[in-house]
Amino acid sequence: MPAPDSPEKSHDSAADGPLFDERLYVPWWWWLAAAVVTGVVGHEIELSAHNSPWGLLGYAGTAVLCVAVLLSMSRTRIRVDHDRLLHADRARLPRSVIARAASVPATAKSAALGRQLDPAAYLVHRAWVKTMVLIVLDDPDDPTPYWLVSTRRPAQLLAALGVEDAAAQPPATG
């Protein structure tokens with residue numbers, strides 16, 4: 001057995017994990033709303049079943065449906081691995097094709113997704129996440145000009161990619 005100090009067996013568990021990892025869960029209060037929807041819809045189904053024992057299945061069915069929808073909406077994951085490969089949901093983006101990037105604050109999100117949006121841009125947008133990052137690409141083989149990715153921690157995501165935040169830099173005077 002090698003000594004604990006030996007380089008071939010000394011593994012730091014934090015070094016084995018990704019540089020950045022975030023799951024875009026729905027807000028906690030959506031679960032409360034789902035409970036209310038379950039109660040109202042389940043009650044309506046029970047009433048339409050004329051108070052038969054089968055009417056109680058409406059509560060269970062509605063609860064299962066609400067849980068499935070909320071879990072499905074919370075599946076989106078943003079991750080940067082040690083090769084600086086960005087995993088945004090199912091898409092992958094290597095660091096080598098990133099020209100520059102900037103955080104998009106909540107106040108600028110509607111503009112970035114509105115009239116300023118290029119139709120060829122790649123979006124990983126979740127409405128309940130207020131901030132995003134804009135990643136401009138420099139890849140002649142890809143017609144996508146940039147990515148807009150929802151994240152609650154834009155500074156940490158850009159740091160994991162090894163890209164300076166263009167929005168945090170002071171404007172150049174000239």
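Here are some exercises with worked solutions on the predicted model shown above.

**Exercise 1. The overall layout**

Work out how many helices and strands the chain has, and in what pattern they follow one another.

*Solution.* Start by counting: there are five helices and eight strands. Next, walk along the sequence, where the pattern reads α-β-α-α-β-β-β-β-α-β-β-β-α. Then look at the packing: 34% of the 174 residues count as buried. Of the contacts between residues at least 6 apart in sequence, 66% join residues at least 24 apart. Finish with the surface, where the chain exposes about 11100 Å², and carbon and sulfur atoms supply 60% of that area.

**Exercise 2. Two packed helices**

Describe how helix H2 is placed against helix H3: are they roughly parallel or roughly antiparallel?

*Solution.* Two packed helices are described by the angle between their axes and the distance between the axes. Take the stretches in question, residues 28-48 for H2 and residues 57-73 for H3. Their axes come within 8 Å and cross at roughly 150°. Angles over 145 degrees count as roughly antiparallel, so H2 is roughly antiparallel to H3. As for handedness, the crossing of H2 past H3 is right-handed.

Now turn to the side of each helix that meets the other. H2 contributes residues including Trp30, Trp31, Ala34, Val37 and Val41, and H3 answers with residues including Tyr59, Ala63, Cys66, Val67 and Leu70. Sorted by character, the residues of this contact are 13 nonpolar, six polar and one charged.

**Exercise 3. Around the H2-H3 loop**

Compare leucine 56 with glycine 58: which is buried and which is partly exposed?

*Solution.* First place the residues. Leucine 56 sits in the loop between H2 and H3, whereas glycine 58 belongs to helix H3. Then apply the cut-off: buried means under 20% relative accessible area. Glycine 58 is at 8%, so it counts as buried. Leucine 56, with a relative accessible area of 49%, is partly exposed.

Now find what lies across from them. From leucine 56 to glycine 42 the C-alpha distance is 7.2 Å, with their positions 14 residues apart in sequence. Glycine 58 and leucine 47 are eleven residues apart in sequence and 9.9 Å apart from C-alpha to C-alpha. Leaving out residues up to four places away in sequence, glycine 58 touches Gly42 and Ile45.

**Exercise 4. Positive phi values**

Find where arginine 84 and aspartate 89 lie, and say what phi each one has.

*Solution.* Begin with the background: most residues other than glycine have a negative phi. Arginine 84 has a positive phi, near 60°. Its place is the loop between strand S2 (77-80) and strand S3 (85-88). Aspartate 89 also has a positive phi, near 60°, and is found in the loop between S3 and strand S4 (91-94). To round this off, check accessibility: arginine 84 is partly exposed at 32%, and aspartate 89 is partly exposed at 31%.

**Exercise 5. A residue in strand S4**

Decide whether leucine 93 is buried or exposed, and list what it touches.

*Solution.* Leucine 93 lies in strand S4. Its relative accessibility is 3%, so leucine 93 counts as buried. Setting aside neighbours within four places in sequence, leucine 93 is in contact with Arg84, Leu85, Leu86, Ile98, Ile135, Leu137 and Trp147. Take isoleucine 135 from that list: leucine 93 and isoleucine 135 are 42 residues apart in sequence, and their C-alpha atoms are 9.9 Å apart.

Key: Residues numbered from 1 in each chain as written. Predicted model: local features only at pLDDT ≥ 70, side-chain atom pairs only at ≥ 80, totals over all residues. Heavy atoms only, no water. Helix = DSSP H or I, 4+ residues; strand = E, 2+ residues; numbered from the N terminus. Buried < 20%, exposed > 50% of the residue type's maximum accessible area, 1.4 Å probe, protein only. Contact = heavy atoms within 4.5 Å. Areas by Shrake-Rupley, 256 points an atom, 1.4 Å probe, with all protein chains shown as cover. Axes fitted to C-alpha atoms, helices over the stretch in contact; angles between N-to-C directions. Parallel < 35°, antiparallel > 145°, perpendicular 65-115°, else oblique. Left-handed = near helix turned anticlockwise from the far one by under 90°. Nonpolar A, V, L, I, M, F, W, Y, C, P; charged D, E, K, R; others polar.
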